[in-house]
Amino acid sequence: MKAQKTYSTSGVILFLLSLVYLGAELVFNRQLLDVSSSVRSDPDQVEHIQYFGRAASGLGFTLLVQGIFQQFRFRIASRKQWTIFSIITLICFLPFLLALGQTFLEMVAQDRPGGDAPYTEGMAWGFLPFAGLCFVLAGRGSKPFAVVIGLIIMTWPAMFYGQKLAVERFIISPTTAEERLDAHYILLLRSGIEDCIILLEDTQLCDGDTANDVEKRSTRAVLGSLFMLNTAAVFDGLSFSKDQIIDSISAQDMWFSSKEYYQQYLQQVAGKRDQYEKFLNDNYYLPYKQASDLYLKTYNKAASFYMQASQPGRFAQVAAEAAGQIQGLIETGWQQYEGADSTYKSMAASTASSVEQGIYSKLCRGHEALCNSAMSRMYNGTSVDNAMSEMQAAAAEKFYEKTGYPPDINSKEDFIRNQKTQDEIRTHVEQKLQEQIEGYALPANWIYDPATFRGELLHMLQDEGQNKALAAASQAQQAWHDKVQSQFGTNIQPGLNREDFFKHMGGDPLPPLKDLVMSEGDFKKKYIVPINRQIADETLKNIKDEAPSYANRQELAEQGKDYIRVLYIPAIALCLSIMIVVITIGRYVTALATDATKKAKLFSGLTRRQRNIIRPFYWAVFLTLALVLPYKWPNPYISTAAYQKYYHFARTRYPVTAQLLDWVVHVQPIIYRAGAYMPEVEYIKKEVSKGAE
C-alpha cells in the first residue's frame with residue numbers, strides 16, 4: 001500500500017488537470033449566470049455558453065472516472081474493478097441506449113411520443129464510448145495506457161453529448177404546447193420583473209440596483225424554473241392586476257416613448273389653435289381692424305382739420321396769403337391791360353391819321369366832293385367818318401378777342417369789376433382754398449371786393465373748414481356704424497385690441513396653449529395607458545392564438561421549445577456545474593483528510609475495517625457542510641415573502657427538484673464570486689456578442 005502514494009505522478013497530473021477543470025467550470029458558471037439571469041438572453045447566447053460548459057463538464061466527469069481508476073494504477077483486474085468499470089461503461093452508453101430505445105419504441109408505435117426531432121445531430125458522439133470500450137478490452141484491462149485512453153474516449157463524449165441529448169430529448173421535446181405557452185407567459189413575467197414593471201410581494205428584482213447584484217441575479221436565474229414547476233399556482237397567486245402592469249409599463253415607457261407622443265399632441269393642439277386663431281383673425285378681427293383703421297384715419301383727419309379751422313391764426317395766414325396773391329394777380333393783369341390798351345390806342349390813332357392825311361392831302365384836296373363820292377362808293381355808301389368808326393370798332397373787337405377785355409377800361413377799379421377779372425380771381429381763390437379744403441367752391445354770387453376780401457375769405461375758410469370736418473366725421477361715424485352693425489350685429493367702438501374686441505363680442509379671447517392641453521400625466525391616463533392596454537391585449541391574444549403551433553411537428557414548434565430552453569437549460573446547467581464542482585472539490589478534500597487521518601498517530605490503532613470508513617465519513621461530513629453552509633450565506637432575496645411563496649408552490653408539486661433549485665440559489669453566489677478571480681474565455685465573449693447583435 002505504501003507504494004501507492006497520493007503523490008504519484010499520475011495523481012499529480014490528475015490534480016493539476018482538476019484545477020484546470022475547476023477554473024474552466026468557474027468561468028462557465030460565472031458567464032452562464034451573466035447571461036441566464038436576464039430573460040433578454042436568446043437561445044443562441046445560451047447555446048454558445050452551453051457548448052463550453054458541456055466541454056468543461058465532460059472534462060470534469062473524465063477526471064472523476066480517471067481518479068477512480070488511478071487508485072488501481074489504471075489496471076482492471078479484480079471483480080470489484082470490473083464491476084466499477086461495467087457501471088461506468090453503462091453510464092457512458094446510457095445516452096446512446098436511451099436514444100436507441102426511444103427510437104425503437106417510436107418505430108413500433110408509429111408515432112413520436114418523445115418529440116418530432118430525431119436528434120441525430122451529434123449522434124456520432126454516442127458511438128465513441130464503443131471505441132473506448134474496445135481500447136480497454138483490447139488490452140484486457142491490464143495496460144494502463146489503453147485504460148486511460150479508453151476511459152477518456154468513453155467518458156468525455158458521453159458527458160458532452162449525453163447532457164444535450166438528455167435535456168433535449170427527455171425534457172424539452174416531450175413538453176406540450178400548453179407547457180410551452182406557460183413558458184412564454186413565465187418569460188413575460190420575468191421580463192416584467194427585470195424591467196421593474198412587476199413587484200413580487202413588494203420585492204424588487206429588477207435591474208438597476210447593484211447592491212447584492214449576484215444574489216439577485218442568482219435568484220432570478222432560477223426563479224423561472226421554480227415558476228414552471230407549478231404554473232397554475234403561480235398564475236393564481238400573482239398579487240398584481242393587469243391594470244397595474246399596464247400602468248407601470250406606461251409610466252416607464254417600455255414599449256414606446258410617451259414623451260414623443262405627448263410632444264406630437266402638443267404640436268397638433270398648437271397647430272389647431274393657430275388655425276382657429278387665424279380663422280378668427282381673418283373672419284372677425286381683421287375686417288374689424290381694417291374698418292377701424294379706416295374710420296380712425298378719416299375721423300382723426302377730420303378732427304385735425306376741425307382743430308385747424310377752429311384756430312383763426314392759421315386760416316388768417318391763408319387768407320392773408322390769398323389776398324396778397326390776388327392783389328399781385330390784379331396788379332400784374334392791370335399792368336398788362338394798360339400796356340395792351342396803350343398799344344391799341346396808339347395804333348388806332350396812327351391809322352386814322354395816316355388815312356386821313358394820305359387820302360385828303362394827296363387825292364382829295366380841292367376835290368372833297370368828288371373824293372367823298374369816291375370814298376362812299378368804296379365803302380358801300382359809307383362816309384369816311386363812318387368808315388373810320390367801323391375800323392375802330394373792328395380793332396376794338398380784335399383787342400377783346402385777344403385780351404378778353406374791352407379797350408375802354410379806364411381805371412383799375414373798372415378792371416377789377418370786369419367779369420373776366422372776377423372769373424380769374426374766383427378760379428385762383430378756389431384753387432387756393434382747395435389746397436386747404438378739398439372740393440371747396442365759392443358761392444355763385446360771390447364778387448371780389450378788395451376792401452372786404454381778406455376778412456370775408458377768413459370767415460368762409462373757418463365756416464367751411466368746420467362744416468367739412470364735421471361732415472367728414474359724421475360720414476365716418478355713419479359708415480363705421482353701418483359696416484359694423486351689418487357684419488357683427490352689434491355696435492362696437494373702433495380702436496380695440498384683439499383681446500378687448502373678443503371680450504366685447506361676448507367671448508373670451510383664445511386661451512394660451514397651456515390652458516388648452518392636458519397635463520402629461522392626464523395625457524398618459526387618457527391615451528398612453530389605453531394604447532398600451534390595446535398592445536398588451538393584442539399581444540396576449542396573438543400568443544394564445546399561436547399556442548397550438550407550439551406543439552411538436554407544428555410550424556412554431558422550435559419557437560415553443562426555445563421558451564422552454566431559456567427557462568430550463570440555464571437552471572440545469574447551473575445545477576450540473578455546481579454539483580460537479582462540489583464533487584471534484586470533495587474528492588480531493590476527503591482524500592487529503594483521509595490520508596492525514598491515516599497517518600496521524602492518534603488513529604494508528606484503527607483496524608482495517610475502521611480505516612475503510614474514514615473516507616466515507618469525511619464524504620458524509622463534506623456533503624453535509626456543502627448542503628448546510630450555503631444556507632448561512634446572506635441572500636436578502638430568498639428570505640423574502642415572494643420567494644418563499646413561489647418556492648412553496650414548486651415544492652408542493654416537485655419537492656426534490658424545488659429543493660435542489662433552492663440549494664443552487666444559495667450556492668451560486670459563492671461559486672460566482674470564486675470565479676471572479678478567473679479570466680473570461682474570449683470565445684464565449686465573442687460568440688455572445690455575436691448573438692447579441
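**Exercise 1. Classify E424 by burial from its relative accessible area of 37%, then describe its contact with K420.**

Solution. E424 is partly exposed, because its relative accessible area is 37% (buried means under 20%, exposed over 50%, partly exposed in between, with a 1.4 Å probe and protein chains only). The structure is a predicted model, in which local features need pLDDT of at least 70 and side-chain atom pairs count only at pLDDT 80 or more, while totals for chains, interfaces and linings use all residues. Residues are numbered from 1 along each chain as its sequence is written, and side-chain values use heavy atoms, with hydrogens and water left out.

The partner, K420, has a relative accessible area of 27% and is therefore also partly exposed. The two side chains meet in a salt bridge with an N to O distance of 2.4 Å (a side-chain nitrogen of Lys or Arg within 4 Å of a carboxyl oxygen of Asp or Glu). Both residues belong to helix α15, residues 419–434, and because they are four residues apart they are separated by about one helical turn (helices are DSSP runs of H or I with at least four residues, strands runs of E with at least two, numbered from the N terminus).

**Exercise 2. Test whether the end-to-end distance of helix α20 agrees with its number of residues, and locate its kink.**

Solution. Helix α20 runs over residues 557–599, which makes 43 residues, and at 1.5 Å a residue it should span 63 Å (1.5 Å times one less than the number of residues). The C-alpha atoms at its ends are 61 Å apart, which agrees with that expectation. The helix nevertheless has a kink of about 35 degrees, centred on R565 (the bend is the angle between axes fitted to the seven residues ending at a residue and the seven starting there).

**Exercise 3. Which salt-bridge partners does R565 have among E558 and D562, and what network do they belong to?**

Solution. Begin with R565 itself, which counts as buried because its relative accessibility is 13%. E558 forms a salt bridge with R565, the closest N and O atoms being 3.3 Å apart, and E558 counts as partly exposed at 43%. The side chains of D562 and R565 also meet in a salt bridge, here at 2.7 Å from N to O; these two residues lie three apart in helix α20, about one turn of the helix, and D562 counts as partly exposed at 25% relative accessibility. Salt bridges that share partners join E168, E558, K561, D562 and R565 into one network.

**Exercise 4. Assign the ring pairs F69–F72 and F93–F130 to their geometrical classes.**

Solution. The whole structure holds 14 aromatic pairs (rings of Phe, Tyr and Trp, the last by its six-membered ring, with centres within 6.5 Å; planes under 30 degrees apart are stacked, over 60 edge-to-face and the rest tilted). F69 and F72 are edge-to-face, with 6.0 Å from centre to centre and 80 degrees between the planes, and both residues are buried. In the second pair, the ring centres of F93 and F130 are 4.3 Å apart and the planes stand at 20 degrees, so the pair is stacked. This pair links distant parts of the chain, since F93 is in helix α3 (residues 79–109) and F130 in helix α4 (residues 123–138), 37 residues apart. F93 counts as buried at 10% relative accessibility, whereas F130 is partly exposed at 31%. Finally, ring pairs link F69 and F72 with W82 and F85 into a cluster.
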